[in-house]
Amino acid sequence: MASRAELSRKRKRRRDFIRKVVSYAVLCLIALAMVGPFVWMVSTSFKEKDDVMTRETHIIPWRVFHYLKTAEGLRRIRLLSDNGEVARIREIRKDGTVGSLLTVPSKDVVSKGKYYLRVQNYPEAWRVANLGRAYINTIIIAFCITFGKVLTSSLAAFAFARLDFPGRDKLFLAYLGTMMIPETVTLIPLFAIFRKLPEFLNATFHTRYFTAPLYLGDWFVGTPMGVDSYFSLIAPGLFTAYGTFMLRQFFMSIPRDLEDAARIDGCGSLVIWWKIILPLSKPAMITLVIFTFMGSWRMFVWPLVIVDNPKMMPLSVVLKLFQDQYSVDMTLLMAASVIALIPILIVYVGGQKYFTEGILLGAVKG
């Protein structure tokens, strides 16, 4: 007969086993919910349009292909109807376009189910939406915003963490308070400012330069300021209270002895920021770079408001061109989405080590 202590151990092992099973089941469901949409996006990007919304779901695209027996061999067709004696078909040419309507004996029609990958969706999506220009626009916007935001955040964080001046803490709290204001609240005032600013400068300097279209050879590069300009797309994203807060918390954890030693050697504040603080803050800086790059790459609402010319649109706005009032070209939209997602995956995978390290350091030392 088992002792009471042994029964207690068995119950404890049983509870631990049940707890682990439930934990793994919940984690698997969460992982499936996160990965599922991504898998569906990639799968749809390789499908025919007719196979997107079907009763049967296939992760790897699968469909029944119909062929017509000819003297040269099997030729792919589209089967419209078949009563067992005659079949109505439409030819499919080698370039994928449809040909003439034909009526043939049913015995000459052959059907085969097989897996396939329609890779033509990718070059077609690239060509239809002019993704090359959108890629260049997005790269310019993302790199400028990332560089500017990291620069301004590190300078502001250094001032709030290391410099003593009257009202420093109150000013920092007021700066943090801007994080409480939703972006949609400032959208219309921001648009009015950037819309009227070039007109004001034109009137002030008696010129039309600030609203004139600019060209680099035959390449349209927008206007200097206002609607359809890189300036309006980039300038509002150069400052962030969140980045300042995160870097300030990290800068405060760096020993002051290093700063004092540098000041004894004659270094000024900017030299200390550049040669001591920034090199020691590599994980936090890279974390902010990843956050900022991902955010600016996916930026949608502000470019949608401030850009009218399709040549100035970034990828996030161009993807909307695949959707009209009544329909969505889902296969090309998913192919374009995969193309737009590649740089974010590269940045995240490349900086994942520093990303995780920076989050942990900020959490512990903050």
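Begin by selecting Asp228, which sits in the loop between β7 (219-220) and α6. In this predicted model, the phi of Asp228 is near 60 degrees, a positive value in a residue other than glycine. Asp228 has a relative accessible area of 14%, so it counts as buried, the cut-off being under 20%.

Next, select His206, located in the loop between α5 and β6 (215-216). His206 likewise is not a glycine, and it has a positive phi of about 50 degrees. Is His206 buried or exposed? The relative accessibility of His206 is 74%, and it is therefore exposed.

Now turn to the interior and display the largest nonpolar core, a set of 40 residues. Within this core, Leu131, Trp297, Leu315 and Phe322 touch the most other members. At least two core residues come from each of α2 (121-128), α3 (131-162), α5 (183-205), α6 (230-234), α10 (282-297), α11 (301-306), α12 (315-318) and α13. Which helix gives the most to this core? The answer is α13, with nine residues.

Centre the view on Phe322 and show its surroundings. Leaving aside residues up to four places away in sequence, Phe322 touches Ala125, Val128 and Ala129. On the same terms, its contacts also include Ser327, Val328 and Asp329, as well as Leu332, Leu333 and Ala336. A second core, separate from the one just visited, holds 18 residues, among them Phe250, Phe251, Ala284 and Leu288.

Then move along α13, which spans residues 330-350, and select Ser337 in that helix. Ser337 has a relative accessible area of 14% and is therefore buried. With residues up to four places away in sequence left out, Ser337 touches Met41 and Leu319.

Finally, zoom out to the whole protein, colouring by secondary structure: there are 14 helices and seven strands. Along the principal axes, the C-alpha atoms fill a box of roughly 100 × 95 × 35 Å. The radius of gyration is 30 Å, whereas a compact globule of 366 residues would have one near 21 Å. Of the 366 residues, 36% count as buried. Among contacts with a separation of 6 or more, 65% join residues 24 or more positions apart.

Switch to a surface display to end the tour. The accessible surface comes to about 23100 Å², and carbon and sulfur atoms account for 65% of it. Colouring by charge shows 45 positive and 27 negative side chains, with the centres of the two sets 8 Å apart.

Key. Residues are numbered from 1 along each chain as its sequence is written. This is a predicted model: local features need pLDDT of at least 70, side-chain atom pairs count only at pLDDT 80 or more; totals for chains, interfaces and linings use all residues. Side-chain values use heavy atoms; hydrogens and water are left out. Helices (H or I, at least four residues) and strands (E, at least two) are DSSP runs, numbered from the N terminus. Buried means under 20% relative accessible area, exposed over 50%, partly exposed in between (1.4 Å probe, protein chains only). Contact means heavy atoms within 4.5 Å. A nonpolar core is a set of buried Ala, Val, Leu, Ile, Met, Phe, Trp, Tyr and Cys residues joined through side-chain atoms within 4.5 Å. The radius of gyration is taken over C-alpha atoms; the globule rule is 2.2 Å times the number of residues to the power 0.38. Accessible areas come from the Shrake-Rupley method with a 1.4 Å probe; for residues, only the protein chains shown count as cover. Lys and Arg count as positive and Asp and Glu as negative; His and the chain ends are not counted. The place of a charge is taken as NZ of Lys, CZ of Arg, CG of Asp or CD of Glu.
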